[in-house]
Amino acid sequence: MSNGLPQIIDPLSLCKRGGELVGEIPLDSMERLKATVVNVVGGASVELKFSISGRAEKLITGQIGAVVFAECQRCLQPVELKLNCNVNLQLVKDEAAAAELVSEREPLLFQIDSEYQLLEIVEDELLLSLPIVALHDKEVCQISANKLESSSEQTDSIDKSNPFSSLSSLKKTKE
Ligand SMILES: [Zn+2]
């Protein structure tokens, strides 16, 4: 781990002392994220605040940002995704406590003295923030630009069928 961030954190003690973590984690070290997207660039910017609310809730809030490339589901070319997660985690002791959280918070299960890989927490947040379907903007997507020139009325029906039909239509237009 680099840039002053600890590799292992104890979230409970950080909450008790109102800790803050600010720094960057190389995306290259996130194997699950790398397996999910086409490419990663640089690092994840991390800004996390640990606190205890007036109702004794242990909270982790802040921002995580990163740039990754995923496969555009329309043209199958890489599309840049700027991920920006609002972190809103609450430490909970068990699944029952997790089920009672207010909807905007996500549970982070913990036990006394349990330690966490900061990287895992950050990587989980980034994975959750990935769009279900990655797409270029219409103006820059290769398939979309191509179809606008030929027949715009079929745009939707081709998108929803299999991606190879889009590819074959692209091929034909080139010939
Ligand atoms: Zn595209």
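The legends below describe four close-up views of a predicted model.

**View 1. The open sheet and its edges.** In this predicted model, five strands form an open sheet in the order E2-E3-E4-E5-E6, and their pairing is mixed. Strand E2 (20–26) and strand E6 (106–109) stand at the edges with a single partner strand each, so one side of each is left without a neighbour in the sheet. Averaged over this sheet, and with direction ignored, neighbouring strands are turned by 25° against each other.

**View 2. Helix H4 on the sheet.** Helix H4, which comprises residues 118–129, packs on the sheet and touches E2, E3, E4 and E5. The direction of helix H4 makes about 120° with that of E5.

**View 3. The pairing of E3 with E4 and the hairpin between them.** Strand E3 (residues 39–52) and strand E4 (residues 58–71) run antiparallel and are joined by 11 bridges. Within this pairing, Asn 39 stands opposite Phe 69 in E4, while Ser 45 has Gly 65 of E4 as its bridge partner. The hairpin of E3 and E4 has 5 residues between the strands, and here Ala 56 takes a positive phi near 65°.

**View 4. The pairing of E4 with E5 and the hairpin between them.** Strand E5 (residues 78–92) pairs with E4 in the antiparallel sense, and 13 bridges make up this pairing. One of the residues to follow in this view is Glu 71, whose bridge partner in E5 is Pro 78. In the hairpin of E4 and E5, where 6 residues lie between the strands, a positive phi near 65° is taken by Leu 76.

Note on methods:
Residues numbered from 1 in each chain as written. Predicted model: local features only at pLDDT ≥ 70, side-chain atom pairs only at ≥ 80, totals over all residues. Pairing = 2+ DSSP bridges. Helix = DSSP H or I, 4+ residues; strand = E, 2+ residues; numbered from the N terminus. Axes fitted to C-alpha atoms, helices over the stretch in contact; angles between N-to-C directions. Contact = placed C-beta atoms within 7 Å.
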